[in-house]
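Good morning, colleagues. Please turn to the sequence and the structure on the screen, and I shall take you through the charged pairs and the contact between the chains.

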Amino acid sequence: MSDTAAQPRSDGDESDGSSAGAAADDPTDPDDEQPAGPVSTGAESVVAALEAAGAKTAFGVQGGAIMPVYDALYDSSIRHVTMAHEQGAAHAADAYGVVAGEPGLCMATSGPGATNLVTGIADADMDSDAMLALTGQVPTEFVGNDAFQETDTVGVTRPITKHNYFAGGADTVGDTVGEAFELSRAGRPGPTLVDLPKDVTQDETDRTPGPATPPAGTDPDPNADAEAVEEAARAIESAERPLCLFGGGVIKGDASDEARTFARSYGIPVTTTMPGIGSFPEDDDLSLSWAGMHGTGYANLAITHTDCLIAVGTRFDDRLTGGIDTFAPEAEVIHVDIDPAEISKNVYADYPLVGDAGRVLDQLTAAVRESPDAGAWRERCAEWKETYPLTYATPDEEPLKPQFVVEAFDEATDDDTIVTTGVGQHQMWASQFWSYSEPRTWVSSHGLGTMGYGVPAAVGARVAADTMGESDRDVVCFDGDGSFLMTMQELSVAVREELDITIAVLNNEYIGMVRQWQDAFYEGRHMASEYSWMPEFDKLAEAFGALGLRVDDYDEVAPAVEEALDYDGPAVVDFHVDPEENVLPMVPSGGANGKFATAEDQL
Amino acid sequence: MSGESPDDRADEESTDPRPATDGGSAAGEGPETDSRPMPSEQPGPRERDHPEGRRNLEGIRIDPVVEAEHESRRAVISALVEDEPGVLARVSGLVSRRQFNIESLTVGPTTVDGHSRITMVVEETDPGIDQIEKQMAKLKPVISVGEVAGDAVTSELVLLKVEADDPAAVHAVSEMYDGKTVDAGPETITVELTGDKTDVDSAIGAFERFGIVEIARTGPTALARGNTPTAPGEKPGTAGEPTTHDD
Ligand SMILES: Cc1ncc(C[n+]2csc(CCOP(=O)(O)OP(=O)(O)O)c2C)c(N)n1
């Protein structure tokens with residue numbers, strides 16, 4: 001995966017993630033990675049390593065222990081976006097990485113700066129997003145003494161990083177940072193962290209960092225075993241009810257093209273996981289949209305009845321599988337993953353194919369000689385699509401339905417629009433009622449489910465699109481009232497940096513997803529889920545210097561959507577939506593996917 | 001549900017300003033009837049056809065008649081690791097976080113500078129053992145990891161302090177188990193024992209009658225027999241030479 005993952009999304013002239021050294025050896029290499037320039041301190045070495053590795057943007061907050069690094073950034077080509085909170089920096093870097101297809105970079109000082117990054121690092125870890133976090137640390141001689149603003153950052157972040165480093169000295173710190181950057185995207189991507197004691201970054205050194213390479217053994221063979229591919233191909237040919245399940249790995253591996261070619265070549269219906277949204281166009285006849293707890297009924301029925309599940313780049317999260325005993329109970333499973341530890345972790349793989357998603361899909365496309373005889377199966381899937389469409393009731397009076405707002409934005413924007421979300425009901429509606437067709441347009445917190453992800457992610461996504469020269473793409477954040485309150489201070493960053501984003505708050509004056517569960521499973525006892533004291537978000541937006549709008553009625557939706565999208569800068573629309581609306585269909589947690597409820601009384 | 005359910009409100013007529021999903025009208029443009037079936041018209045969970053099959057907890061498809069559950073067994077896992085700070089914390093953190101049933105863990109240097117060997121004894125099902133190996137292999141400082149063949153040489157060091165009421169008898173038992181007296185005082189005697197699990201367990205049993213005051217066990221460490229490498233890919237190492245990896 002690494003070669004492909006290393007490629008920036010703007011296809012074309014970038015070479016694979018070749019190192020600074022290779023670029024230096026070959027002056028014709030068009031790669032934008034540069035050899036590191038001369039340095040005089042550890043901090044300069046850090047920045048030189050980042051530049052050499054191709055980092056273009058950093059998100060962070062200043063502070064004592066990280067000051068030397070910031071000082072070295074002063075003369076750097078790397079753009080620094082100062083965030084309001086370190087959690088925002090981590091989410092912005094994460095989203096930047098998702099959209100740009102290269103590791104996002106975030107920075108914080110020691111102690112509270114570093115601990116504020118933790119949620120964002122854990123989020124990136126759960127979603128396998130390439131990201132490098134740099135944290136300041138107290139000088140080496142004070143480490144372990146409870147010095148001012150000291151936290152054992154390496155210890156705290158050990159279980160939530162792919163690997164983390166404690167920088168040992170000024171001579172080696174640049175190499176460490178370069179290695180950490182490359183490691184974050186090698187193989188299965190994930191966050192890495194380098195903790196930088198202040199003496200290490202302040203000390204003098206004239207050692208220019210060498211070419212950045214991932215550590216030995218972390219960049220696996222992209223091709224799956226040829227024999228295993230042949231066996232899987234035979235299983236596909238003889239399947240009667242084959243189904244593709246494309247996960248987030250298809251997107252991280254830039255394998256959407258291969259995934260589309262494969263499914264279409266053999267007429268195999270496709271469902272995705274939630275992180276896999278965008279890997280296959282949802283308006284394609286073969287698409288069954290996404291599966292799982294709030295996925296479509298037809299996707300969940302297809303998973304329940306398939307006899308051959310071709311799962312690519314998914315870790316079979318329990319929000320996808322429901323109860324393992326009832327997950328794809330009749331299917332032989334072909335599992336493609338770059339990470340061998342994912343094979344048979346949750347669902348046993350009858351045909352394990354370890355390798356890069358794109359390469360293995362190419363291998364499979366070449367190895368399958370005849371299409372499976374799946375005409376009847378495709379018809380059955382189409383019937384399910386007819387019988388269980390995503391739908392909602394729109395009464396002729398108010399209150400406004402949140403799904404309507406999502407559909408209105410979808411209608412008004414192009415296919416390449418990037419959607420970010422918080423976590424809750426609004427996140428589900430944003431994934432259900434928007435028709436995604438391109439990878440890296442759906443940016444959300446899946447594995448960790450972090451409320452507050454949406455606004456900083458929109459900042460990161462916007463900066464990424466602008467950096468890639470795609471300023472004409474829209475960035476829309478669907479947020480809940482609760483989620484928005486958690487990180488809305490990042491609106492100040494959007495205003496300061498003149499970032500063109502639109503935030504649609506689906507305001508139900510509840511932390512709605514909790515309210516829905518309380519109604520379904522706790523006898524409607526709304527303990528701590530009513531937010532009846534919500535501030536007026538349109539006025540808050542104005543206080544921040546953004547455009548603020550408020551919508552209560554159906555006929556105000558279209559004009560507000562248009563005004564917000566047209567506004568050249570951050571806009572917040574506070575949509576007052578039906579507080580009682582629920583997310584359906586729903587597979588109760590641990591339940592059988594095929595037994596999704598389409599109405600509350602079925603829960 | 002508190003409030004009305006969507007079903008109650010489902011019968012809206014032509015006043016729906018929502019665009020039909022299949023139609024081309026822009027948001028909010030005008031009335032549009034929706035032909036999509038509402039939940040009330042859809043077959044509920046119990047009316048749908050459901051397959052007979054099942055999977056077990058390990059996600060393996062099972063024959064509904066013969067339900068195959070995996071028995072757990074004892075396995076010795078050996079890992080060669082870079083001897084860098086935090087490596088033990090990484091390994092033990094991983095093992096504890098994933099709730100693997102670990103019996104013992106020993107670490108010590110190898111013949112190669114900068115490399116250590118971790119020997120871990122676990123009690124797990126086959127899929128569990130497989131996962132331990134794969135998860136450990138993901139850790140950056142882990143060079144190589146694998147289960148040590150069943151006939152491996154395993155040995156454990158035990159220090160045992162017993163009451164010194166009958167020193168002669170203690171010495172006799174100690175000799176029987178190839179133990180060594182490492183400390184003898186008027187009140188206690190400390191004996192050092194090594195051996196595999198059965199040897200050590202039976203020795204401890206034999207000392208019990210003297211009254212065991214304190215005990216310290218290292219847990220087993222292991223090497224594969226003969227030319228078989230202990231960790232996969234490990235080359236017969238002599239000091240200073242790389243023990244594994246082609247890269
Ligand atoms: C940081 C964090 N805290 C708590 C939760 C638990 N949680 C999940 S959804 C939810 C409600 C979200 O409310 P809101 O953002 O208003 O969105 P809505 O569901 O109303 O659309 C809560 C509290 C979480 N996911 N993340």
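Which side chain does B:Arg74 meet in a salt bridge? The partner is B:Glu103, with 3.0 Å from N to O. By salt bridge I mean a side-chain nitrogen of Lys or Arg within 4 Å of a carboxyl oxygen of Asp or Glu. B:Arg74 belongs to strand E3 (residues 73-82) of chain B and B:Glu103 to strand E4 (residues 102-109) of chain B, so the pair ties together parts 29 residues apart in sequence.

Before I continue, a word on the basis: this is a predicted model, in which local features need pLDDT of at least 70 and side-chain atom pairs count only at pLDDT 80 or more, while totals for chains, interfaces and linings use all residues. Residues are numbered from 1 along each chain as its sequence is written, chains are lettered from A and ligands numbered from 1 in the order in which they are written, and side-chain values use heavy atoms, with hydrogens and water left out. Helices (H or I, at least four residues) and strands (E, at least two) are DSSP runs, numbered from the N terminus.

Returning to the first pair, B:Arg74 is partly exposed at 34% relative accessibility, and B:Glu103 is partly exposed at 38%. The term buried stands for under 20% relative accessible area, exposed for over 50%, and partly exposed for what lies in between (1.4 Å probe, protein chains only).

A second pair in chain B is B:Glu214 with B:Lys161, whose closest N and O atoms are 2.9 Å apart. B:Glu214 lies in strand E10 (residues 212-217) and B:Lys161 in strand E7 (residues 153-163) of chain B, so this salt bridge ties together parts that are 53 residues apart in sequence. B:Glu214 has a relative accessible area of 46% and is partly exposed.

In chain A, the salt bridge of A:Glu230 and A:Arg234 brings N and O to 2.6 Å. Why are these two about one helical turn apart? Because they stand four residues apart in helix H10 (residues 226-237) of chain A. A:Glu230 is partly exposed at 31%, as is A:Arg234 at 29%.

Over all chains, the structure holds 39 salt bridges. Side chains of opposite charge can pair when their charged atoms come close.

Let us now consider the interface. How many residues does each chain give to the contact? Chain A gives 65 and chain B gives 53, where contact means heavy atoms within 4.5 Å. The buried area is about 5,000 Å², 54% of it from carbon and sulfur atoms; this is the accessible area (1.4 Å probe) that two parts lose on being put together, summed over both.

Between chain B and chain A there are six salt bridges. One salt bridge joins B:Asp49 to A:Arg380, at 3.1 Å from N to O. On chain B, the elements giving two or more residues to the side that touches chain A are strand E1 (54-55), helix H1 (87-97) and helix H2 (126-138). The largest share, four residues, comes from H2(B).

I close with A:Val551, in strand E17 (residues 547-551) of chain A. Is A:Val551 buried or exposed? A:Val551 is buried, with a relative accessible area of 1%. Among the residues that A:Val551 touches, leaving out those up to four places away in sequence, are A:Leu400, A:Val573 and A:Phe575.
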